[in-house]
Every structure is written in C-alpha cells, then in structure tokens.
Amino acid sequence: MLKERVLKALNEQINAEQYSALLYLSMSAWFEDKGLPGFANWMYVQYQEELTHANKIFKYVIERSGKVELKGIEQMPVEFESVLQVVEKTLEHERYITELINNLVDVAFEARDHATQSFLQWFVDEQVEEEANVTEILDSLKLIEGKGNGLFMLERELRQRSFVDTTQAAE
C-alpha cells in the first residue's frame with residue numbers, strides 16, 4: 001500500500017503527464033496549421049508518449065491499491081510566435097517535468113518506498129532522453145536560423161518519427 005504522501009505525488013504526476021500530452025497535441029495542431037507536418041508529427045508522437053507515461057503511473061497506483069485522482073486540465077495555449085519558440089517551450093516544459101520526477105523520487109526516498117523508487121527509475125532515465133531529443137532539435141533550429149533549406153530538411157527528418165510504446169518493454 002502506498003503512503004499518503006507518495007500517493008498524492010503520484011497522482012500529481014499522472015495529471016502533469018496528461019497536461020504534457022495535451023500541450024504537445026496543441027503544439028502539433030499549431031504546426032499542422034502552419035504547414036509543417038513533420039514538426040506536427042514529432043509533437044503528435046510526443047503527445048502519444050506522454051499519454052503512455054500517465055497510463056504507466058495510473059496502472060502502478062492501481063497495482064499498489066492506491067486511488068487515482070484525476071483533475072481537470074486548464075486551457076492549452078493554441079498560438080505560438082514561431083517554430084523556435086515552440087521548441088524552446090518544449091525544452092522548458094521537459095525540464096519542468098524532469099524536476100517533478102526528481103521531486104517524486106525524493107518523496108519516495110523519504111517515505112522509504114523502495115518499490116516506488118525502483119518504478120520511478122524508468123522515468124528518470126526517460127527524462128534524460130526527452131531533454132536530449134528536444135535539445136538536438138533546438139540546436140539544429142538555431143544552427144539553420146529556423147528557416148530556408150535547413151528548415152525544410154529538418155521538417156522532412158521529423159516526419160520519419162513514429163510512436164513506439166517504450167513503457168511496455170520496461171514492465
């Protein structure tokens with residue numbers, strides 16, 4: 001059984017992951033509207049990944065006999081200034097999620113909940129990958145100054161990304 005403080009933190013993380021999913025879906029829609037289907041695809045895959053992250057925690061809480069408490073999610077932003085701004089906001093958001101995961105690990109550690117600490121290690125590792133992926137795109141955008149043939153090439157590259165549910169392999 002989960003301690004109350006751990007359960008509360010896990011529920012907060014479920015809701016944060018769902019917020020992330022909808023944020024990335026909104027960004028995907030913005031990219032579609034701007035005629036950038038490759039960027040839209042990349043964000044749509046992010047949306048799918050965040051949903052699987054929320055579901056992984058959801059299932060863990062249930063497995064540990066905890067009660068899941070879902071909250072309403074605020075309105076997503078629907079307008080952005082530029083491709084560069086969207087990617088910068090994505091990196092900023094991923095760093096925020098990393099901070100939440102790290103705090104959640106701290107809560108599990110303080111509660112001496114070894115099972116939750118073990119479970120959360122997958123998320124710690126995942127966040128390293130998430131930040132690295134977004135940083136790579138951001139660095140490319142800055143290098144090409146977000147325009148011209150470089151943007152076209154990056155756009156085509158991002159079209160190739162497909163969703164793979166990595167949460168299943170970790171179970």
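The expected span of a helix is 1.5 Å times one less than its number of residues. Keep that rule handy for the first stops. Helices here (H or I, at least four residues) are DSSP runs, numbered from the N terminus, as strands (E, at least two) would be.

Before you click anything: this is a predicted model, where local features need pLDDT of at least 70, side-chain atom pairs count only at pLDDT 80 or more, and totals for chains, interfaces and linings use all residues. Residues are numbered from 1 along each chain as its sequence is written, and side-chain values use heavy atoms, with hydrogens and water left out.

**Stop 1: three helices, end to end**

Select α1, residues 4–33. With 30 residues at 1.5 Å each, α1 should span 44 Å, and its end C-alpha atoms are indeed 44 Å apart. Now step past the end of α1 to Gly-35, which has a positive phi near 75°.

Next, pick α2, residues 37–63. Its 27 residues reach 38 Å from the first C-alpha to the last, close to the expected 39 Å. Just after α2 you'll meet Ser-65, with a positive phi of about 65°.

Then go to α3, residues 83–110. The 28 residues of α3 should span 40 Å, and the end C-alpha atoms lie 41 Å apart, which agrees. Just after α3, Arg-112 takes a positive phi of about 55°.

**Stop 2: how the helices pack**

Two packed helices are described by the angle between their axes and the distance between the axes. Axes are lines fitted to C-alpha atoms, for helices over the stretch in contact, and angles run from 0 to 180 degrees between N-to-C directions. Angles under 35 degrees count as roughly parallel, over 145 as roughly antiparallel, 65 to 115 as roughly perpendicular, and the rest as oblique. A crossing is left-handed if the near helix is turned anticlockwise from the far one by less than a right angle, and right-handed if clockwise.

Show α2 and α3 together. Their axes come within 12 Å and cross at roughly 20°. That makes α2 roughly parallel to α3, and the crossing is left-handed.

Swap α2 for α4, residues 114–143. The axes of α3 and α4 are 9 Å apart, at an angle of about 165°, so the two helices are roughly antiparallel. Their crossing is left-handed. Colour the contact of α3 with α4 by residue class and you'll find 17 nonpolar, seven polar and six charged residues. (Ala, Val, Leu, Ile, Met, Phe, Trp, Tyr, Cys and Pro count as nonpolar, Asp, Glu, Lys and Arg as charged, and the others, Gly among them, as polar.)

Finally, show α2 with α5, residues 148–159. At what angle do α2 and α5 pack? About 40°, with the axes 7 Å apart, so this pair is oblique. α2 passes α5 in a left-handed crossing.

**Stop 3: the cavity**

On to the empty space. On a 1 Å grid over the protein atoms alone, a cavity is a set of points where a 1.4 Å probe fits but cannot get out, a pocket is an open set with protein on both sides within 12 Å along at least five of seven lines, and lining residues have an atom within 4 Å of a point. Grid points are joined across faces, edges and corners, and a volume is the space filled by probe spheres set on the points.

The structure holds one cavity of 30 Å³ or more, with a volume of about 50 Å³. Select Phe-31, Phe-39, Trp-42, Met-43, Val-87, Val-134, Ile-137 and Leu-158 to see its lining. Those residues divide into eight nonpolar, no polar and no charged. α2 gives the most, with three.

**Stop 4: the two pockets**

The largest pocket has a volume of about 350 Å³. Of its 16 lining residues, select the closest to the centre: Glu-12, Gln-13, Ala-16, Tyr-96 and Leu-100. α1 gives the most to this lining, with eight residues. By class, the lining of the largest pocket has eight nonpolar, four polar and four charged residues.

The second largest pocket holds about 270 Å³ of space. Of its 17 lining residues, the closest to the centre are Trp-42, Asn-133, Glu-136, Ile-137 and Arg-161. Here α4 gives the most, with six residues. The classes in this lining are seven nonpolar, four polar and six charged. You have seen Trp-42 and Ile-137 before: they are among the residues that line the largest cavity.
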